[in-house]
Amino acid sequence: MTEGAEAAASAKPEQKEADHHPYTKPRDAATLILIDRGGTVPKVLVGKRHDKVVFMPGKFVFPGGRVEKTDHRIPVAAPMPEALEANLFKGRPQTSASRAKSLAIAAIREACEETGLCLGRKVEGQVSELDGRLQGPWSPFSAAGLLPDPSSLFLIARAITPPGRIKRFDTRFFTADASAITHRVDGVVHPDAELVELVWVELGSKPLADLHPMTKNVLNELEKRLATGPLQHDAPVPFFHFYGGRMHRDVLA
């Protein structure tokens, strides 16, 4: 996972992340924030990490991770909306069509791998012919006769890990409504898994106050957009990045 929760507020002082490592190029990554707008206050899905994992043990995170080389080759049930693709093309360096697809598909793959919740659609007569590419992390799609469907995704923000960190990611934060979940894989979340619990929590609630600061920035952006009505692709997409020792918020153009 590329994003998650920082140390919970407690009697222990907060530890600063090490920032003395040599420069490394950020790797493409994607995070998916699933939203349930069935109630008065929107809820987002978070998972609790196992207490014994090395990275952020016991903390709440959103599903996400780095892009894999084969993500752009995965067949889809429907192309991503042109407006979503246009948003992914924004910024520098120029994003290719295959890279844009990889980012969207990685968000869907990571969500299914880590939570068992899959965004896909049945496409008659196609899945069986493409089983060779729908293996490994994509096997739940193949077994259910689904192809991943990026048509319900919205881009909320882009963020790059500051220089000096041992791992750096160029992360696109996507969101999708819970109604886009078409398949559930049982047994993915359990006491010995990377995620031991899934929880739908209201925006502004206590578990979300414990998230990584950058993730909280993205959630603030999402909350502001939800307050204006249904999500639209033409909303400004913020870009969080660091230079001169400070975090800057620009708008992708």
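About 200 Å³ of space lies in the second largest pocket, and that is where I'll start. This is a predicted model, so a word on the ground rules, given as they stand: local features need pLDDT of at least 70, side-chain atom pairs count only at pLDDT 80 or more, and totals for chains, interfaces and linings use all residues. Residues are numbered from 1 along each chain as its sequence is written, and side-chain values use heavy atoms, with hydrogens and water left out.

First, what counts as a pocket? On a 1 Å grid over the protein atoms alone, it is an open set of points where a 1.4 Å probe fits, with protein on both sides within 12 Å along at least five of seven lines. A lining residue has an atom within 4 Å of a point. Grid points are joined across faces, edges and corners, and the volume is the space filled by probe spheres set on the points.

Now the lining of this pocket. Lys 25, Pro 26, Arg 27 and Asp 28 are among the residues there. So are Arg 92, Pro 93 and Arg 99, along with Arg 158, Ile 160 and Asp 170. Strands β1 (27–36) and β8 (154–160) each supply at least two lining residues. Strands here are DSSP runs of E, at least two residues; helices are runs of H or I, at least four; both are numbered from the N terminus.

How does the lining divide by residue class? It has 3 nonpolar residues, no polar ones and 7 charged. For that split, Ala, Val, Leu, Ile, Met, Phe, Trp, Tyr, Cys and Pro are nonpolar, Asp, Glu, Lys and Arg are charged, and the others, Gly among them, are polar.

Look at Pro 93 in that lining. A cis peptide bond joins Arg 92 to Pro 93, with omega about -5°. Pro 93 sits in the loop between α1 and α2.

Next, salt bridges. The rule is a side-chain nitrogen of Lys or Arg within 4 Å of a carboxyl oxygen of Asp or Glu. The count comes to 12. One of them pairs Asp 28 with Arg 99, closest N and O atoms 2.8 Å apart. That pair links distant parts of the chain: Asp 28 is in strand β1, Arg 99 in helix α2 (residues 97–115), and they are 71 residues apart. A network of salt bridges links Asp 28, Arg 99, Arg 158, Asp 170 and Arg 172.

Another salt bridge joins Arg 109 and Asp 71, at 2.9 Å between the closest N and O atoms. Again, distant parts of the chain are linked: Arg 109 is in helix α2, and Asp 71 is in the loop between β4 (64–66) and α1 (82–89), 38 residues away. Are these two buried or exposed? Both are buried. Buried means under 20% relative accessible area, exposed over 50%, and partly exposed in between (1.4 Å probe, protein chains only).

A third salt bridge connects the side chains of Glu 221 and Lys 224, N to O 3.8 Å. These two are separated by about one helical turn, because they are 3 residues apart in helix α5 (residues 213–227). Glu 221 is buried, at 8% relative accessible area.

Glu 221 also touches Phe 240, counting contact as heavy atoms within 4.5 Å. Phe 240 lies in strand β12 (residues 238–243). At 3% relative accessibility, Phe 240 is buried. Beyond four places in sequence, its contacts include Ala 157, Arg 158, Ile 160, Met 214 and Val 218. The C-alpha atoms of Phe 240 and Arg 158 are separated by 6.3 Å, with their positions 82 residues apart along the chain.

On to the cysteines. The whole structure has 1 disulfide, a pair of cysteine sulfur atoms within 2.5 Å. Cys 112 is joined to Cys 118, S to S 2.2 Å. The link is right-handed, with 40° about the S-S bond. Cys 112 is buried at 3% relative accessible area, and Cys 118 at 1%.

Leu 117 lies in strand β5 (residues 117–118). Leu 117 is buried too, at 9%. Leaving aside neighbours within four places, its contacts include Cys 112, Leu 34, Leu 45 and Ile 181.

Finally, the whole chain. There are 5 helices and 13 strands. Buried residues make up 49% of the 253. Among contacts between residues at least 6 apart in sequence, 73% join residues at least 24 apart.
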